[in-house]
Amino acid sequence: QVQFVESGGGLVQPGGSLRLSCAASGFTLNYRGIGWFRQVPGKEREGVSCISGSDGYTYYTDSVKGRFTISRDNAKNTVYLQMNNLTPEDTARYYCATVVSLHCRAGVIRRTDIGSWGQGTQVTVSS
């Protein structure tokens with residue numbers, strides 16, 4: 001069973017930065033489309049960014065464009081989400097998952113059925 005492991009969350013003041021990491025035990029993330037999602041209680045989980053597996057194409061929703069950067073380190077089998085200029089609206093639990101690269105290139109962040117959701121990592125932006 002593929003298990004995603006997210007880390008790097010925490011409490012940060014508005015305007016601050018965090019870098020989230022996504023890994024998967026016994027599963028290579030290399031050359032796979034990977035997406036970052038977030039969820040707040042009472043709302044549906046939403047995709048915020050993805051990176052394609054084939055050519056590293058990246059996509060961001062309007063809410064995070066210009067502030068978040070998704071990247072990957074194949075040597076470490078890890079995908080990152082650098083989050084800058086955080087606002088209270090970014091407060092959520094963040095998850096990663098594999099996504100279809102073709103969909104990512106079309107601006108659709110849709111999780112595949114590979115593995116299950118991890119525990120996520122909590123990001124809280126508050127003064």
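This report describes the disulfides, the aromatic cluster, the salt bridges and one sheet of the structure above.

The model is predicted, so that local features need pLDDT of at least 70 and side-chain atom pairs count only at pLDDT 80 or more, while totals for chains, interfaces and linings use all residues. Residues are numbered from 1 along each chain as its sequence is written, and side-chain values use heavy atoms, with hydrogens and water left out.

## Disulfides

The structure holds two disulfides, a disulfide being a pair of cysteine sulfur atoms within 2.5 Å. With bonded cysteines counted along the chain, their pattern is 1-3, 2-4.

| Disulfide | S to S distance |
|---|---|
| C22 to C96 | 2.1 Å |
| C50 to C104 | 2.1 Å |

C22 lies in strand β3 (residues 18-25) and C96 in strand β9, so this disulfide ties together parts that are 74 residues apart in sequence. Here helices (H or I, at least four residues) and strands (E, at least two) are DSSP runs, numbered from the N terminus. The torsion about the S-S bond of C22 and C96 is about 80°, so the disulfide is right-handed. C22 counts as buried at 0% relative accessibility, and C96 counts as buried at 0% relative accessibility; buried means under 20% relative accessible area, exposed over 50%, and partly exposed in between (1.4 Å probe, protein chains only).

The torsion about the S-S bond of C50 and C104 is about 100°, so that disulfide is right-handed. C50 lies in strand β5 (residues 46-51) and C104 in helix α1, so the pair ties together parts that are 54 residues apart in sequence. Both C50 and C104 are buried.

## Aromatic cluster around W117

Rings of Phe, Tyr and Trp (its six-membered ring) pair if their centres lie within 6.5 Å, and planes under 30 degrees apart count as stacked, over 60 as edge-to-face and the rest as tilted. By this rule the count comes to three aromatic pairs. In one of them, F37 and W117 meet edge-to-face, with 5.1 Å centre to centre and 85° between the planes. The pair links distant parts of the chain, with F37 in strand β4 (residues 34-39) and W117 in the loop between α1 (101-105) and β10 (121-125), 80 residues apart. F37 counts as buried at 5% relative accessibility, whereas W117, at 28% relative accessibility, counts as partly exposed.

Y95 and W117 also form an edge-to-face pair, at 5.8 Å centre to centre and with 70° between the planes. This pair, too, links distant parts of the chain, Y95 being in strand β9 (residues 92-98) and W117 in the loop between α1 and β10, 22 residues apart. At 9% relative accessibility, Y95 counts as buried. Ring pairs thus link F37, Y95 and W117 into a cluster.

Charged groups also sit over the ring of W117, a charge being counted there if NZ of Lys or CZ of Arg is within 6 Å of the ring centre and within 35 degrees of the ring normal. The charged end of R45 sits over the ring of W117 at 4.0 Å from its centre, and the charged end of R111 sits over the ring of W117 at 4.9 Å from its centre.

## Salt bridges

A salt bridge is a side-chain nitrogen of Lys or Arg within 4 Å of a carboxyl oxygen of Asp or Glu, and by this rule the count comes to five salt bridges. Among them, D90 pairs with R38, the closest N and O atoms being 2.9 Å apart. D90 lies in the loop between β8 (78-83) and β9 and R38 in strand β4, so the pair ties together parts that are 52 residues apart in sequence. D90 is buried, with a relative accessible area of 1%, and R38 is buried, with a relative accessible area of 7%.

The side chains of R105 and D55 meet in another salt bridge (2.6 Å, N to O), which links helix α1, holding R105, to the loop between β5 and β6 (58-60), holding D55, 50 residues apart. R105 is partly exposed, with a relative accessible area of 39%, and D55 counts as partly exposed at 48% relative accessibility. D62 forms a salt bridge with K65, the closest N and O atoms being 3.2 Å apart, and both D62 and K65 are exposed. Salt bridges that share partners join R38, E46, R67 and D90 into one network.

## An open sheet

An open sheet of four strands has the order β1-β3-β8-β7, with antiparallel pairing, where two strands pair if DSSP finds at least two bridges between them. β1 (3-7) and β7 (68-73) stand at the edges, each with a single partner strand, so one side of each is left without a neighbour in the sheet. β1 and β3 pair in the antiparallel sense over five bridges, and F4 stands opposite A24 in β3.
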